[in-house]
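Reader: I want to learn how to read a model like this one. Please take me through it feature by feature.

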Amino acid sequence: KLDGRPTSYLFLHSDLWHKTETDTGQDDRRAHSLKFLCLPYHGRCFWFEVFECLRRLVLSSMLVFFGGYGSVSSVVVATVACLGCIKMYSYYRPFHNPSDNVVAELVQWQLFFTL
(Lines give C-alpha, C1' and ligand atoms only; values in the text may rest on other atoms or scores of the structure.)
Protein backbone atom coordinates (compact mmCIF):
# COMPACT_ATOMS: atom_id res chain seq x y z
CA LYS A 1 0.00 0.00 0.00
CA LEU A 2 1.02 3.57 -0.58
CA ASP A 3 1.63 5.12 2.80
CA GLY A 4 2.57 8.64 1.71
CA ARG A 5 6.34 8.50 1.97
CA PRO A 6 8.26 10.07 -0.91
CA THR A 7 10.37 6.95 -1.36
CA SER A 8 7.30 4.84 -1.97
CA TYR A 9 6.16 7.42 -4.54
CA LEU A 10 9.50 7.10 -6.29
CA PHE A 11 9.34 3.31 -6.50
CA LEU A 12 5.73 3.33 -7.66
CA HIS A 13 6.42 6.05 -10.23
CA SER A 14 9.45 4.35 -11.73
CA ASP A 15 7.68 0.99 -11.87
CA LEU A 16 4.32 2.19 -13.12
CA TRP A 17 5.48 4.85 -15.56
CA HIS A 18 6.99 2.22 -17.84
CA LYS A 19 3.90 -0.02 -17.90
CA THR A 20 2.17 -0.20 -21.25
CA GLU A 21 -1.52 0.28 -21.80
CA THR A 22 -1.78 -3.09 -23.55
CA ASP A 23 -0.87 -5.13 -20.48
CA THR A 24 -3.74 -6.60 -18.52
CA GLY A 25 -4.18 -7.55 -14.92
CA GLN A 26 -3.70 -6.03 -11.48
CA ASP A 27 -0.70 -3.92 -12.50
CA ASP A 28 -2.75 -1.96 -15.04
CA ARG A 29 -5.43 -1.15 -12.50
CA ARG A 30 -2.79 0.01 -10.05
CA ALA A 31 -1.03 2.05 -12.74
CA HIS A 32 -4.30 3.64 -13.79
CA SER A 33 -5.22 4.54 -10.22
CA LEU A 34 -1.89 6.37 -9.72
CA LYS A 35 -1.71 8.00 -13.14
CA PHE A 36 -2.83 11.34 -11.70
CA LEU A 37 0.57 11.64 -10.00
CA CYS A 38 2.44 11.60 -13.32
CA LEU A 39 0.02 13.23 -15.77
CA PRO A 40 1.00 16.91 -15.27
CA TYR A 41 4.68 16.15 -15.94
CA HIS A 42 6.71 15.28 -19.02
CA GLY A 43 7.80 11.65 -19.21
CA ARG A 44 11.39 12.56 -18.40
CA CYS A 45 10.17 14.16 -15.15
CA PHE A 46 7.91 11.39 -13.86
CA TRP A 47 9.77 11.61 -10.55
CA PHE A 48 8.94 15.29 -9.99
CA GLU A 49 6.07 14.57 -7.57
CA VAL A 50 8.62 12.87 -5.32
CA PHE A 51 10.78 15.98 -5.54
CA GLU A 52 7.75 18.10 -4.59
CA CYS A 53 7.11 15.97 -1.49
CA LEU A 54 10.74 16.26 -0.43
CA ARG A 55 10.71 20.03 -1.04
CA ARG A 56 7.66 20.43 1.17
CA LEU A 57 9.21 18.31 3.91
CA VAL A 58 12.47 20.26 3.86
CA LEU A 59 10.78 23.66 3.89
CA SER A 60 8.30 22.80 6.61
CA SER A 61 9.21 19.95 8.93
CA MET A 62 12.95 19.52 8.49
CA LEU A 63 13.84 23.10 9.43
CA VAL A 64 13.18 22.22 13.07
CA PHE A 65 16.37 20.14 13.03
CA PHE A 66 18.44 23.18 12.05
CA GLY A 67 18.01 25.28 15.16
CA GLY A 68 14.29 25.87 15.34
CA TYR A 69 12.00 28.50 13.92
CA GLY A 70 13.68 31.78 13.02
CA SER A 71 17.26 30.77 13.79
CA VAL A 72 19.99 31.85 11.41
CA SER A 73 20.87 28.29 10.43
CA SER A 74 17.27 27.37 9.60
CA VAL A 75 16.90 30.52 7.47
CA VAL A 76 20.13 29.69 5.63
CA VAL A 77 18.99 26.11 5.00
CA ALA A 78 15.58 27.31 3.78
CA THR A 79 17.22 29.88 1.50
CA VAL A 80 19.57 27.31 -0.02
CA ALA A 81 16.67 24.86 -0.44
CA CYS A 82 14.55 27.54 -2.16
CA LEU A 83 17.36 28.46 -4.54
CA GLY A 84 17.94 24.78 -5.32
CA CYS A 85 14.24 24.29 -6.04
CA ILE A 86 14.19 27.35 -8.29
CA LYS A 87 17.10 25.88 -10.23
CA MET A 88 15.31 22.52 -10.54
CA TYR A 89 12.13 24.16 -11.87
CA SER A 90 13.99 26.38 -14.33
CA TYR A 91 16.27 23.57 -15.58
CA TYR A 92 13.78 20.71 -15.95
CA ARG A 93 10.59 22.68 -16.78
CA PRO A 94 8.62 19.57 -15.81
CA PHE A 95 5.06 20.51 -16.81
CA HIS A 96 3.47 19.89 -20.20
CA ASN A 97 1.90 23.32 -20.30
CA PRO A 98 4.53 26.10 -20.66
CA SER A 99 2.46 28.55 -18.62
CA ASP A 100 2.40 26.05 -15.75
CA ASN A 101 6.20 26.04 -15.80
CA VAL A 102 6.31 29.83 -15.60
CA VAL A 103 3.79 29.97 -12.75
CA ALA A 104 5.57 27.21 -10.83
CA GLU A 105 8.88 29.03 -11.09
CA LEU A 106 7.27 32.33 -10.04
CA VAL A 107 5.78 30.62 -7.00
CA GLN A 108 9.24 29.36 -6.05
CA TRP A 109 10.64 32.90 -6.35
CA GLN A 110 7.77 34.20 -4.22
CA LEU A 111 8.56 31.62 -1.56
CA PHE A 112 12.21 32.67 -1.65
CA PHE A 113 11.40 36.36 -1.16
CA THR A 114 8.97 35.52 1.64
CA LEU A 115 11.81 34.07 3.69
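Reader: In which helix do Glu52 and Arg55 both lie, and how many residues apart are they?

Author: Both lie in helix H3, three residues apart, about one turn of the helix. Before going on, note that this is a predicted model, where local features need pLDDT of at least 70, side-chain atom pairs count only at pLDDT 80 or more, and totals for chains, interfaces and linings use all residues. Residues are numbered from 1 along each chain as its sequence is written, and side-chain values use heavy atoms, with hydrogens and water left out.

Reader: How many helices and strands does the chain have?

Author: Start with the rule. Helices (H or I, at least four residues) and strands (E, at least two) are DSSP runs, numbered from the N terminus. Here the chain has five helices and zero strands. Read from the N terminus, the order is α-α-α-α-α.

Reader: What is a salt bridge, and how many does the count come to?

Author: Side chains of opposite charge can pair when their charged atoms come close. The cut-off is a side-chain nitrogen of Lys or Arg within 4 Å of a carboxyl oxygen of Asp or Glu. By this rule the count comes to three salt bridges.

Reader: Which residue forms a salt bridge with Glu52 at 2.9 Å?

Author: Arg55 does, with 2.9 Å between the closest N and O atoms. Glu52 also pairs with Arg56, where the closest N and O atoms are 3.5 Å apart. Arg56 and Glu52 are separated by about one helical turn, because they sit four residues apart in helix H3.

Reader: Are Glu52 and Arg55 buried or exposed?

Author: First the terms. Buried means under 20% relative accessible area, exposed over 50%, and partly exposed in between (1.4 Å probe, protein chains only). Both Glu52 and Arg55 are buried. Glu52 counts as buried because its relative accessibility is 5%. Arg56, at 44%, counts as partly exposed. As for the whole chain, 32% of its 115 residues count as buried.

Reader: Which side chain meets Arg93 in a salt bridge?

Author: That of Glu105, at 3.6 Å, N to O. Arg93 lies in the loop between H4 and helix H5 (98–114) and Glu105 in helix H5, so the pair ties together parts that are twelve residues apart in sequence. Glu105 counts as buried, because its relative accessibility is 18%. Arg93 counts as partly exposed, at 32%. Back in helix H3, salt bridges that share partners join Glu52, Arg55 and Arg56 into one network.

Reader: What is the phi of Arg93?

Author: Positive, about 45°, although Arg93 is not a glycine.

Reader: How far apart are the C-alpha atoms of Lys87 and Glu105?

Author: They are separated by 8.8 Å, with the two positions 18 residues apart along the chain. Lys87 belongs to helix H4. It is exposed, since its relative accessible area is 55%. Another pair is Phe46 and Phe95: 49 residues apart in sequence, 10.0 Å apart in space, C-alpha to C-alpha. Phe46 sits in the loop between helix H2 (26–33) and H3. It is buried, with a relative accessible area of 15%.

Reader: What is the volume of the second largest pocket?

Author: Rolling a probe the size of a water molecule over the atoms shows where empty space is left. On a 1 Å grid over the protein atoms alone, a pocket is an open set of points where a 1.4 Å probe fits, with protein on both sides within 12 Å along at least five of seven lines; lining residues have an atom within 4 Å of a point. Points are joined across faces, edges and corners, and the volume is the space filled by probe spheres set on them. The second largest pocket comes to about 250 Å³. Of its 13 lining residues, the closest to the centre are Leu59, Leu63, Tyr69, Ala78 and Leu115. H3 and H4 are the elements that give two or more residues to this lining. H4 gives the largest share, four residues.

Reader: Which residues make the nonpolar surface patch of about 540 Å²?

Author: Patch members have over 30% relative accessible area and no salt bridge; like charges are joined within 9 Å, and nonpolar side chains (Val, Leu, Ile, Met, Phe, Trp, Tyr) within 5 Å. Areas come from the Shrake-Rupley method with a 1.4 Å probe; for residues, only the protein chains shown count as cover. Leu54, Leu57, Val58, Met62, Phe65 and Phe66 make this patch. Phe65 is in the loop between helix H3 (48–60) and helix H4 (72–92). Phe65 counts as exposed, at 67% relative accessibility.
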